[in-house]
Amino acid sequence: MAAMKDLLILAALALASGPLAAQEPEVSATPEMNLWQAGVLGIVEGLTEYLPISSTGHLIVTQRFLGIPMDTPERKQAADAYAISIQGGAILAVLGLYFPSVRRMALGLLGRDPEGLRLALALVVAFLPAVAIGLAFNHIIKEYLFGLWPVVMAWIVGGILILVLARKPKAEELGESGTLPVPTLRQSLLIGLFQCVAMWPGTSRSLMVIVGGLLVGLSMRRSVEFSFLLGLLTLGAATCKDAVEFGPLMLATYGWGSLLVGGLAALISAVFAVKWMVGYLNRHGLQLFGWYRIAVGLLVASLIWAGWFEGLA
């Protein structure tokens with residue numbers, strides 16, 4: 001118990017210890033994002049965060065469509081950090097919808113719920129690969145992969161992966177009794193390694209966690225639920241890290257209003273998306289999302305070739 005608490009504390013401190021700006025950014029006279037743009041980005045974030053279609057990829061494309069300035073390193077840093085920070089609203093949505101599971105984990109850490117403790121341990125084990133790889137390659141990922149072409153490639157490849165998996169029998173057809181309510185620590189580690197693939201924008205964290213869960217033997221329902229709960233740790237850590245590291249820059253560039261509106265819009269839209277997704281996936285599986293990813297990837301590629309994004313790819 002104590003070892004796990006120490007591990008959580010060390011991971012949180014490591015994620016929160018990004019380098020702060022060398023000097024306080026100058027506050028621009030007029031925020032470079034108005035409230036309706038913030039609302040649109042928040043809705044896109046909330047609707048796509050937990051669907052297997054990549055919220056980061058959609059936000060990168062939406063930012064280009066809305067004309068959010070990214071012509072300097074500082075503006076691009078602010079835009080990238082904003083896309084991650086408004087995940088906070090989507091995190092709160094899942095925290096509210098899955099509060100009973102969160103409560104059980106809290107009781108487990110206090111020694112009052114063995115099943116809750118098992119779930120907490122499984123999530124921590126699945127979270128650790130993202131901590132290690134994220135800390136090591138975070139800046140490289142943002143510099144080279146937060147662009148349109150990397151997102152397009154990830155969308156299409158991920159869509160093909162979904163369609164391949166859709167040809168296999170659904171996990172529920174194998175019988176719910178053949179799966180564990182909580183993945184084992186070995187299963188959790190494998191799921192966590194799959195989640196790391198989603199650090200490539202456009203891949204989708206939820207997709208990779210669901211795929212990982214299905215491949216280690218969990219049912220669709222268990223895989224989706226585990227994806228939601230693991231997101232509380234993974235997205236929460238990423239959000240806190242960028243808020244600490246780039247908070248002054250985001251505030252100077254966009255102002256408090258845009259951050260609050262974006263987060264609130266993400267919260268409301270994520271509630272609807274999560275409720276819809278759970279019911280849909282249990283009935284129909286992932287195939288629709290595979291075709292969607294391929295279609296949107298080809299559409300954005302066509303727009304890039306047509307010059308819509310003026311060299312921002």
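A crossing of two helices is left-handed if the near helix is turned anticlockwise from the far one by less than a right angle, and right-handed if clockwise. Keep that in mind for the second stop. What you have open is a predicted model, in which local features need pLDDT of at least 70, side-chain atom pairs count only at pLDDT 80 or more, and totals for chains, interfaces and linings use all residues. Residues are numbered from 1 along each chain as its sequence is written, and side-chain values use heavy atoms, with hydrogens and water left out.

**Stop 1: the whole chain**

Start with a cartoon view. The protein chain has 12 helices and 0 strands; helices (H or I, at least four residues) and strands (E, at least two) are DSSP runs, numbered from the N terminus. Now switch on a surface. About 14,600 Å² of the protein chain is exposed, and carbon and sulfur atoms supply 70% of that (areas by the Shrake-Rupley method with a 1.4 Å probe; for residues, only the protein chains shown count as cover). Of the 313 residues, 52% count as buried, where buried means under 20% relative accessible area, exposed over 50%, and partly exposed in between (1.4 Å probe, protein chains only). If you draw a contact map, with contact meaning heavy atoms within 4.5 Å, look off the diagonal: among contacts between residues at least 6 apart in sequence, 83% join residues at least 24 apart.

**Stop 2: H7 against H11**

Select helix H7 (114-145) and helix H11 (220-284). Two packed helices are described by the angle between their axes and the distance between the axes. Here the axes come within 10 Å and cross at roughly 40 degrees; axes are lines fitted to C-alpha atoms, for helices over the stretch in contact, and angles run from 0 to 180 degrees between N-to-C directions. Which hand does the crossing of H7 and H11 have? H7 passes H11 in a right-handed crossing. Show side chains at the interface: from H7 the residues include Leu119, Phe127, His139 and Lys142, and from H11 they include Phe226, Leu230, Asp242 and Phe246.

**Stop 3: the nonpolar core**

Next, select the largest nonpolar core, which has 45 residues. A nonpolar core is a set of buried Ala, Val, Leu, Ile, Met, Phe, Trp, Tyr and Cys residues joined through side-chain atoms within 4.5 Å. The residues with the most contacts inside this core are Tyr50, Phe226, Phe228, Met277, Leu281 and Phe289. Helices H5, H6, H7, H8, H10 and H11 each supply at least two residues of the core, and H11 gives the largest share, 14 residues.

Zoom in on Tyr50. Not counting residues up to four places away in sequence, Tyr50 touches Ala90, Ile91, Val94, Arg205, Ser206, Phe228, Leu235, Val274 and Met277.

**Stop 4: helix H6**

Move to H6 (residues 99-109), where Val102, Met105, Leu107 and Gly108 are buried. The cover over the buried residues of H6 includes helix H5 (87-97), H7 and H11. Just after H6, check Gly111, which takes a positive phi of about 80 degrees.

**Stop 5: Asp242 and Tyr82**

Go back to H11 and pick Asp242. Is Asp242 buried or exposed? Asp242 is buried, with a relative accessible area of 2%. Leaving aside neighbours within four places in sequence, its contacts are Asp80, Ala81, Ile84, Ser85, Lys142, Gly247 and Met250. Draw a C-alpha to C-alpha distance from Asp242 to Asp80: 9.1 Å, across 162 residues of sequence.

Now pick Tyr82 in helix H4 (residues 73-85); Tyr82 is buried at 1% relative accessible area. Tyr82 and Met250 are 168 residues apart in sequence, with 6.8 Å between their C-alpha atoms. Met250 is also one of the contacts of Tyr82, along with others including Met33, Leu41, Tyr254 and Gly262.

**Stop 6: two serines in loops**

Most residues other than glycine have a negative phi, and most peptide bonds are trans. Ser54, in the loop between helix H2 (35-48) and helix H3 (55-66), has a positive phi of about 80 degrees and is buried at 4% relative accessible area. Ser204 has a positive phi of about 95 degrees. Find Ser204 in the loop between helix H9 (185-197) and H10; Ser204 is buried too, at 5%.

**Last stop: cysteines**

How many disulfides are there? The count comes to 0, a disulfide being a pair of cysteine sulfur atoms within 2.5 Å. Colour Cys196 and Cys240 to finish: Cys196 is buried, with a relative accessible area of 10%, whereas Cys240 is partly exposed at 47%.
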